[in-house]
Amino acid sequence: MNVRDYSIQYVKGVGEKRAQLFNKLGIFTVDDLIRYYPRTYQNRSKTKTVLEAENGELVTIKATMITPVKESLIRKGLTLYKCDFTDGENVIHVTIFNNKYLAKSLRTYDDYILYGKLEKSFTRASMSSPEIEKDEAAIGILPVYHATEKLSSKSIAKVVRAALDKFELFEETLDDEIRLKYDLCSLDFALREIHFPSDEKSIEKARKRLIFEELLTLQLGLLKLKDKKQTKNEIVIKNDYTDEFAALLPYTLTGAQKRAIADCIGDIGSDTAMNRLIQGDVGSGKTAVAAAVMHTVIKNGYQAAMMAPTEILAAQHFETLSKMLDGTGIRIALLTGSTKAKEKREVKEKLLEGEIDLAIGTHALIQNDVEFRRLALVITDEQHRFGVEQRANLAMKAENPHLMVMSATPIPRTLGLIIYGDLNISVLDEMPEGRMPVRTDLVDSSYHERIYNFIKKAVDSGRQAYIVCSLVDEGESELISAKEYAEKLSTTAFRGYNLGLLHGKMKPKEKENVMLAFAGGDVQILVSTTVVEVGVDVPNATVMLIENADRFGLSQLHQLRGRVGRGAEKSYCILVSDNKSESSAERLKVVKSTSDGFKLADYDLKTRGPGDFFGKRQHGLPSLKIADMLGDMEVLLKARECAEELLGGDPKLDKYPALVEEVNDMFRKAVNN
């Protein structure tokens with residue numbers, strides 16, 4: 001009997017109605033249930049007497065009930081139940097709040113296990129709302145699960161125990177050789193001990209095995225995806241035109257840009273189609289790398305397509321690339337949802353006829369009626385804004401096209417193995433010459449008047465500014481929201497100035513219009529939430545004020561800071577925070593001290609965890625149930641090594657059918673989420 005096929009409904013104590021409660025937790029089968037790991041444990045393995053316990057200690061006591069329950073109504077909605085127990089030497093006064101069912105179930109002179117905080121004084125010992133159990137099974141290390149109002153942790157534990165009892169042995173996925181090499185316990189031991197551990201050492205053994213297996217499963221899936229994507233290269237590029245392109249530029253390419261271009265041209269000239277991520281910090285020159293590769297592909301007689309997440313970014317790329325490729329004879333067209341019907345028809349016809357060499361656009365490029373004559377290269381910008389399906393749909397416009405993905409989010413290499421495990425990576429870790437660093441200052445809110453005056457001075461001299469807040473609607477917390485803040489500023493500090501408002505709850509068209517107005521100079525000061533993090537280039541914006549800066553991740557602050565300093569003028573980023581904690585101050589000082597996004601990403605990962613990178617999980621990336629990307633980095637690297645070794649000797653994993661099932665299951669769930 002396969003645990004993946006055994007419905008939760010048929011486990012003892014569940015049934016049809018209760019199964020629906022489990023379904024809400026994402027538990028549909030026994031496999032889902034046994035992989036629903038405890039979030040923590042209550043260690044009740046050692047019982048104590050009142051004398052042995054410390055005042056305020058969480059303690060397990062074996063006790064006998066010696067008085068009947070007395071009920072008293074304190075007020076409407078609050079009933080207290082009081083009774084006394086003894087551990088054989090001392091009396092324990094127990095108070096139960098609003099739990100009629102428990103109070104009615106207790107019987108005088110019966111033995112119970114009490115678990116809770118013991119309050120002691122010279123004359124008495126008491127416990128408020130302890131957990132009271134009759135069963136000796138309440139002594140031990142007990143699992144605590146993420147629960148719901150209608151499905152308690154205790155109820156989940158009971159069903160998990162029933163499921164574990166139902167199955168005598170869980171099928172092993174790894175052979176003895178791998179388990180010996182990486183010092184792993186059996187899967188059956190791990191699954192049983194993670195839920196109902198014999199002791200704390202057993203928890204560690206079980207966690208070690210399950211974390212390794214989860215990361216191994218993830219890496220195997222990503223490596224197999226990468227292998228699948230290594231399709232035969234049908235698009236032959238005979239000549240490399242990089243030098244010709246470089247000669248067009250008014251500046252010299254950095255060493256990192258040259259290496260990235262060479263990586264791409266090398267991929268295009270190999271036996272398999274290119275599938276590469278160009279990862280570069282804000283302002284590192286990703287667009288020039290894309291332009292160089294597109295130039296070579298088009299000069300060899302093919303077409304290229306570039307997709308951006310918003311119309312305004314697509315329009316910006318169109319303008320930038322038109323200037324960059326001016327004089328080359330390359331024919332460029334823009335295709336977005338706003339393109340007029342007549343123009344759309346013309347662009348589509350010319351793409352099909354091969355009269356347009358480079359198409360730049362939004363999701364409009366992946367519509368069914370858009371066809372290319374000789375599409376060889378597909379580039380997607382700001383990859384985390386696109387679903388996997390959207391990228392795949394654009395790639396399907398040609399027979400195995402070369403794929404380039406660009407991302408400005410600096411991610412430490414190890415974490416990159418997880419996010420981009422299916423792509424080859426080129427990193428732009430040098431900044432072009434002449435790019436002025438953004439001056440970053442860290443102050444508290446007492447500086448607001450001075451900051452506002454500084455912004456007014458910049459705007460009066462013809463510049464523009466951003467003011468970034470972390471929330472949108474009034475009342476979300478004690479912090480001032482973007483909407484409320486913009487209204488306040490327009491009638492106080494910046495009365496007479498043209499303020500714009502940008503936030504995530506606006507419709508896409510409204511956002512576009514506000515950004516266009518800002519890019520065109522009609523809006524002088526833009527009050528925004530982090531929506532502006534990935535936005536349009538406004539070289540005229542020279543000041544960014546970030547309110548409550550301690551609320552943001554360092555990588556996010558760095559991305560926001562990257563919105564200014566894009567022109568020739570000196571630019572400023574002012575971080576405002578009233579948070580007095582040492583760790584918060586330390587983090588913000590790190591942002592002030594470095595403009596290297598990769599250093600900030602590393603620091604953020606070490607101190608804050610991977611939440612900044614996975615706050616909103618990437619579409620198509622499997623979620624992890626027990627592994628932690630911060631704490632388990634070393635295990636990740638071992639799992640990667642193991643995955644490469646396994647696939648090297650057995651590409652189809654024929655010797656590991658159960659492991660293949662795990663991989664398929666993990667990635668199937670990721671696609672369906």
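In the predicted model, strand β11 (residues 303–307) and strand β13 (residues 358–361) run parallel and are joined by four bridges. Within this pair, A305 has A359 of β13 as its bridge partner. The two strands belong to an open sheet of seven strands, which follow one another in the order β12-β13-β11-β14-β15-β10-β16 with parallel pairing. The edges of this sheet are formed by β12 (332–335) and β16 (424–428), each of which pairs on one side only, and the twist from one strand to the next averages 20°. Helix α12 (residues 341–353) packs on the sheet, where it touches β11, β12 and β13; the direction of α12 makes about 130° with that of β12.

A second open sheet comprises six strands in the order β17-β22-β21-β18-β20-β19, and here too the pairing is parallel. Its edge strands are β17 (439–443) and β19 (499–502), which each pair on one side only, and neighbouring strands are turned against each other by 15° on average when direction is ignored. Strand β21 (residues 541–546) pairs with strand β22 (residues 572–576) in the parallel sense, over four bridges, and L545 finds its bridge partner in I574 of β22.

Helices α17 and α19 are both associated with strands of this second sheet. Helix α17 (residues 508–519) packs on the sheet and touches β18 (464–468), β19, β20 (525–528) and β21, its direction making about 145° with that of β19. Helix α19 (residues 582–593), for its part, lies across β17 and β22 and runs at about 160° to β17.

The geometry of α17 can be compared with expectation: at 1.5 Å a residue, its twelve residues should span 16 Å, and because the C-alpha atoms at its ends are 16 Å apart, the two values agree. Several residues of this helix are buried, namely E512, V514, M515, A517 and F518. The elements covering these buried residues include strands β18, β19, β20 and β21 and, in addition, helix α11 (311–324). Just after α17, the backbone at G521 takes a positive phi of about 90°.

Packing between helices was examined for α9 and α10. Two packed helices are described by the angle between their axes together with the distance between those axes. For helix α9 (residues 255–268) and helix α10 (residues 286–299), the angle is about 35° and the axes lie 9 Å apart, with α9 passing α10 in a right-handed crossing. On the side of α9, the contact is made by Q257, A260, I261, C264, I265 and I268, whereas α10 contributes A288, V289, A292, V293, T296 and V297. By residue class, the contact of α9 with α10 divides into ten nonpolar residues and two polar ones, with no charged residue taking part.

At the level of the whole protein chain, the model contains 23 helices and 22 strands. Of its 673 residues, 51% count as buried. Among the contacts in the chain with a separation of 6 or more, 73% are accounted for by residues that are 24 or more positions apart.

Technical notes
Residues numbered from 1 in each chain as written. Predicted model: local features only at pLDDT ≥ 70, side-chain atom pairs only at ≥ 80, totals over all residues. Heavy atoms only, no water. Axes fitted to C-alpha atoms, helices over the stretch in contact; angles between N-to-C directions. Left-handed = near helix turned anticlockwise from the far one by under 90°. Contact = heavy atoms within 4.5 Å. Nonpolar A, V, L, I, M, F, W, Y, C, P; charged D, E, K, R; others polar. Pairing = 2+ DSSP bridges. Expected span 1.5 Å × (residues − 1). Buried < 20%, exposed > 50% of the residue type's maximum accessible area, 1.4 Å probe, protein only.
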